[in-house]
Amino acid sequence: MADSQHSELILGDIADIFMGATVSVYSKSPIHGEPIVHLITGSTLDNCGNIDKNSLVPVWKHKHNTNHFIAQSKDILVLARGNIRATVIDQDLSKEKILASANFAIIRPTSPACNSTYIAELFNSPKSRERLGLVFGSRVPSLRAADLRRLKIPTLNLDQHNAINELSSARHEAYNATLALAEQQFRVASNVLDQIIWGAKWEIIQHSL
C-alpha cells in the first residue's frame, strides 16, 4: 500500500498493462520477408535497470502477430519475475524495434498523469517496492498484469515529477560517463600490460624471424 500521507492513483487507470510476447510470437530463425527485431530478456537489464544493447537477442516476429508487443517510446518494461526492476524506452531506443519477452510486464501510458520515469523508479527502489507491497519475503517475486493494474501509487505534484526526471537523467548520465571512463582505463591498462610483457625486445625478436 502507498503511504497514507499521499493521495493515490490506480496504475491501471493511467496505463495499459499487459505481459510481453510468448515464444509463439517470434522465431529465433529468419522468417522470409520479416525484418529483425530485438528481444529484450532479463539478462539485458542490469541491476539499475539500464539496457545492455549488446545483450539484445535478434529474432523475427511471425507475420500473423501485431506490433502490440513492440515497445513504444515512454513504455515502462518491468521484469516481473525474480529480481524485479524496470526500464523506460526512450525515443532513440524505440527505433530499435524492441520486443519485450514474456518475463516483462509492459506498462504503456494512456494519461499525462503517467510519468514513465517515476513509475520505473517505483519498481527500481527497494524502499518503494516494500511500501507498495511488492516484497514477498523469501518467496521469489512474480508480478501479474492484473496485480499491476490494481496497484495504488502515490500522486505527486509537478515539481516532484520534474525533480524525479532531472535526478534520474543526471544519474543515468553519470553512470554512463563512469562506465565509459572505466572501459577506457581498462583498455589503456591492458595496452600497458601488453607492452610490459611483450615490449620492445619481443618486437625485435618478431622482426628477426
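Start with the whole chain in view and its contact map in mind: among contacts in the protein chain with a separation of 6 or more, 76% join residues 24 or more positions apart. Keep in mind as you look around that this is a predicted model. Colour by secondary structure and you will find 6 helices and 10 strands. Switch on a surface next: the accessible area of the protein chain is about 12,700 Å², and carbon and sulfur atoms own 55% of it. Of the 209 residues, 35% count as buried.

**Stop 1: the sheet**

Now select β2, β9, β6 and β7. In that order they form an open sheet of 4 strands with antiparallel pairing. Its edges are β2 (15-19) and β7 (85-88), each of which pairs on one side only. Look along the sheet to follow the twist, which averages 20° from one strand to the next.

Add helix α2, residues 116-124, to the selection. This helix packs on the sheet and touches β6 (76-79), β7 and β9. The direction of α2 makes about 160° with that of β7.

**Stop 2: strand β9 and its partners**

Zoom in on residues 104-109, which are strand β9. On one side, β9 and β2 pair in the antiparallel sense over 5 bridges. Two pairs to label here are Met19 with Ala105 and Ile17 with Ile107. Turn to β6, which also runs antiparallel to β9 and is joined to it by 4 bridges. Label Val78 there, and you will see that its bridge partner in β9 is Ala105.

Is β9 largely enclosed or open? 5 of its 6 residues are buried, so the strand is largely enclosed by the rest of the structure.

Stay on β9 and pick Arg108. Is this residue buried or exposed? Its relative accessible area is 10%, under the 20% cut-off, so Arg108 counts as buried. Show what surrounds Arg108: leaving aside neighbours within four places in sequence, its contacts are Ala15, Asp16, Phe18, His68, Ile70, Ala71, Gln72 and Asp75.

**Stop 3: the nonpolar cores**

In soluble globular proteins, nonpolar side chains tend to be buried together. To see this model's largest nonpolar core, of 25 residues, begin with Val78, Ile107, Ile119, Phe123 and Ile153, which have the most contacts inside it. At least two residues of this core come from each of β2, β6, β9, α2 and α4 (145-149). Helix α2 gives the largest share, 5 residues.

Centre the view on Val78 and display its surroundings. Not counting residues up to four places away in sequence, Val78 touches Ile84, Arg85, Ala86, Asn103, Phe104, Ala105, Ile107, Phe123 and Leu143. Then look apart from this core for another one, of 22 residues, including Phe18, Val59, Ala71 and Ile106.

**Stop 4: helix α5**

Finish by selecting residues 158-197, helix α5, and find Thr178 within it. Is Thr178 buried or exposed? Its relative accessibility is 53%, so Thr178 counts as exposed. Now show the side chain of Thr178 and the backbone of Ala174. How far apart are the backbone oxygen of Ala174 and a polar atom of the Thr178 side chain? The distance is 2.8 Å.

Conventions: Residues are numbered from 1 along each chain as its sequence is written. This is a predicted model: local features need pLDDT of at least 70, side-chain atom pairs count only at pLDDT 80 or more; totals for chains, interfaces and linings use all residues. Side-chain values use heavy atoms; hydrogens and water are left out. Two strands pair if DSSP finds at least two bridges between them. Axes are lines fitted to C-alpha atoms, for helices over the stretch in contact, and angles run from 0 to 180 degrees between N-to-C directions. Contact means heavy atoms within 4.5 Å. Buried means under 20% relative accessible area, exposed over 50%, partly exposed in between (1.4 Å probe, protein chains only). Accessible areas come from the Shrake-Rupley method with a 1.4 Å probe; for residues, only the protein chains shown count as cover. A nonpolar core is a set of buried Ala, Val, Leu, Ile, Met, Phe, Trp, Tyr and Cys residues joined through side-chain atoms within 4.5 Å. A polar contact is a pair of N or O atoms within 3.5 Å; within protein, one must be able to donate a hydrogen and the other to accept it, and residues adjacent in sequence count only if both atoms are side-chain atoms.
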